[in-house]
Each structure stands twice: as structure tokens, then as C-alpha cells.
Amino acid sequence: MAKTGDPARAAAGPAAYSLDFALDRGSPVPLYYQLAQQLEAAISDGTLAPGDLLGNEVDLSVRLGLSRPTVRQAIQSLVDKGLLVRRRGVGTQVVHSQVRRSLELTSLYDDLEAAGQAPTTEVVRHETVPAPPGVAAALGLPEGAEVTFLERLRRTHGLPVALLGNYLPAGLLDLDTARLETTGLYRMMRAAGITLHSARQTVGARSASAEEAARLDEKAGAALLTMQRTAYDDTGRAVEYGSHIYRASRYSFDFQLLVRP
């Protein structure tokens, strides 16, 4: 897979020109949608890498024998999904592939790093607070007991993907803000000798508030995925409660469903 900024790849010209598009003009599926689906698949499998240029709409429409509005609609649908970006003086450029995460007891940071998504973290809040009622119940603590609260903004390829809120029992482990910006919370817990064993998790969806939209570089009212998780160690003790929101345009959960015999 070519890397962003690869000189040889840049010299070769717009990356979309090397793709073999198969458009079925007799299909009831609109041509713009066919083109968008094939571009999205190329981004997802790495054929089109972050930083690759697609060329302008006029060149693509001539090459594919499509009208300019058809090409524009295909590109706009992927811009809306956050897969492409239009840069003045540069052209239409691949941003990233959507983050797909399996529902397992893993750290978002570790999953992104393993997928080559170049995660970075901004620690927004790191403080000791009284446990709200729901958090206290999840962690098995008296209401108002002191807990450590973390709020972090997670980015991939420099763009926001998630806003993470985590509550931990006070004194569970020493959390260094600088370290939190370079690694994942679960990795720090494992390093402190905490063995994560299981979790209870709920996934949902809602619209972004104005403040959330601003932090996640979305429009107010944009779709967000939500996740609440209580994690337990190997003794059955609740060691973390997380309440996270993710940009639906850049993030999805994968489920594997099994049929009971």
C-alpha cells in the first residue's frame, strides 16, 4: 500500500487514473452511486491511500464518459462521509478509510494503531470529581465517592474520530497526562498489573450537540455513535466506566452473530 506523501506515487499523477472502474449503464443503480461505491471500496482496501489525489471532475468525467454532475455527485457523497476532502489549489484528496472496530474488550488506541490509523490523543480533562449516580452504580461505589475523570479527543490522520469520557476509582493507578497523550488507557492499566477480564457494553446513536459537533469537526445535529462500557478485572471488580461518542461518518462497530445450537 502506498503511503501518504510517497514521492513516486505523487509523480504518477492522480491515483484514480490507475483504477479500473466497471460501470453498468444498463443497471437501475445510478451511475454516481456505482462510481461512489467503487471509490469507497478502493479507499477501504488501501488501493487509494490517504493523501492520494483523484484529479478534477472534468478529467474524471471525460475519462469515464460520464457527465460532470454525475462525477460531482459521486465525489460529494464521499466528501459527506469524510472519506474525501476538496482542497483549494490541490484538488480532491483521499483522507482516510472509515474506522471499523469489532466489539471486543480492547482499547480504541490499540485498535487504531494496529490498523495503521496513526492515532493521537488530546487530554481535555484529567481531574478528580464526585461520582455521578450512574457512574457510582456502574463502579459499585457510594454516590459522590471520588473518581478520576478523563476526557480525551482521539484523532486519526489528524482528524477527530471520537470523544472519550472515562471514570476510574480514585487511586486505581497513577495516570500521567503526558503519557495519556501517547498511549491508550487500557495499555496503561495492563502495565500497572490490572488484568481486564470482561465488560458490559451498550451501543447506541444520537445527534451531536453544537459543542460536540465543534469538537468533532461535524455539523450540529450530525449522527453520532455512542458507547457506554463498564470494564471488570479478573477479580470481578469494576475498574472503569466509559461513555464515548464517535463520528458516524468515520467510525462503525462490527458484530459477529452466532446461532445458538
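These legends describe close-up views of a predicted model.

**View 1. The largest pocket lies between two domains.**
Domain 1 covers residues 31-94, and domain 2 covers residues 108-247. Both domains give residues to the pocket lining, so the pocket lies between them. The space inside is about 350 Å³. In total, 15 residues line this pocket. Val79, Asp80, Asp217, Glu218 and Arg247 lie nearest its centre.

**View 2. The lining of the largest pocket mixes nonpolar, polar and charged residues.**
How do the residues of the lining divide? Five are nonpolar, four are polar and six are charged. Helix H4 (68-80) and strand S1 (84-87) each supply at least two lining residues. The largest share comes from H4, with three residues.

**View 3. Strands S1 and S2 form a hairpin.**
S1 and S2 run antiparallel. Four bridges join them. Within this pairing, arginine 87 stands opposite glycine 91 of S2. Three residues sit between the two strands. Look for glycine 89 in this hairpin: its phi is positive, near 85 degrees.

**View 4. Threonine 92 is a buried residue of strand S2.**
Strand S2 spans residues 91-94, and threonine 92 is part of it. Is threonine 92 buried or exposed? Its relative accessible area is 7%, and buried means under 20%, so threonine 92 counts as buried. Leucine 53 is 39 residues away along the chain, yet the C-alpha atoms of leucine 53 and threonine 92 are separated by 5.8 Å. Beyond four places in sequence, threonine 92 touches Asp52, Leu53, Leu54 and Gly55, as well as Ile75, Leu84, Val85 and Arg86.

**View 5. Glutamate 57 is a buried residue of helix H3.**
Helix H3 runs over residues 57-64, and glutamate 57 belongs to it. The relative accessible area of glutamate 57 is 12%. That is under the 20% limit, so glutamate 57 is buried. Which residues does glutamate 57 touch, not counting residues up to four places away in sequence? They are Arg68, Val71, Arg72, Ile75 and Arg86.

**View 6. Strand S9 pairs with S6 and with S8.**
S9 covers residues 238-247. Nine of its ten residues are buried, so S9 is largely enclosed by the rest of the structure. Strand S6 (residues 159-169) pairs with S9 over six bridges, in the antiparallel sense. In one of these pairings, leucine 164 has histidine 244 of S9 as its bridge partner. Strand S8 (residues 223-233) also runs antiparallel to S9, with nine bridges joining the two. Here threonine 230 stands opposite tyrosine 241 of S9.

**View 7. A turn links S8 and S9 in a hairpin.**
How many residues lie between S8 and S9? There are four. Glycine 236 is in the turn. Its phi is positive, at about 90 degrees.

**View 8. Leucine 163 is a buried residue of strand S6.**
Leucine 163 has its place in S6. Its relative accessibility is 8%, so leucine 163 counts as buried under the 20% limit. Its contacts, leaving aside neighbours within four places in sequence, include Ser243, His244 and Ile245. Glu151, Arg152 and Leu153 are also among them, as are Arg215 and Leu216. Leucine 163 and glutamate 212 are 49 residues apart in sequence. In space, their C-alpha atoms are 8.2 Å apart.

Note on methods
Residues are numbered from 1 along each chain as its sequence is written. This is a predicted model: local features need pLDDT of at least 70, side-chain atom pairs count only at pLDDT 80 or more; totals for chains, interfaces and linings use all residues. Side-chain values use heavy atoms; hydrogens and water are left out. Buried means under 20% relative accessible area, exposed over 50%, partly exposed in between (1.4 Å probe, protein chains only). Contact means heavy atoms within 4.5 Å. On a 1 Å grid over the protein atoms alone, a cavity is a set of points where a 1.4 Å probe fits but cannot get out, and a pocket is an open set with protein on both sides within 12 Å along at least five of seven lines; lining residues have an atom within 4 Å of a point. Grid points are joined across faces, edges and corners, and a volume is the space filled by probe spheres set on the points. Ala, Val, Leu, Ile, Met, Phe, Trp, Tyr, Cys and Pro count as nonpolar, Asp, Glu, Lys and Arg as charged, and the others, Gly among them, as polar. Domain bounds come from an automatic or database domain assignment. Two strands pair if DSSP finds at least two bridges between them.
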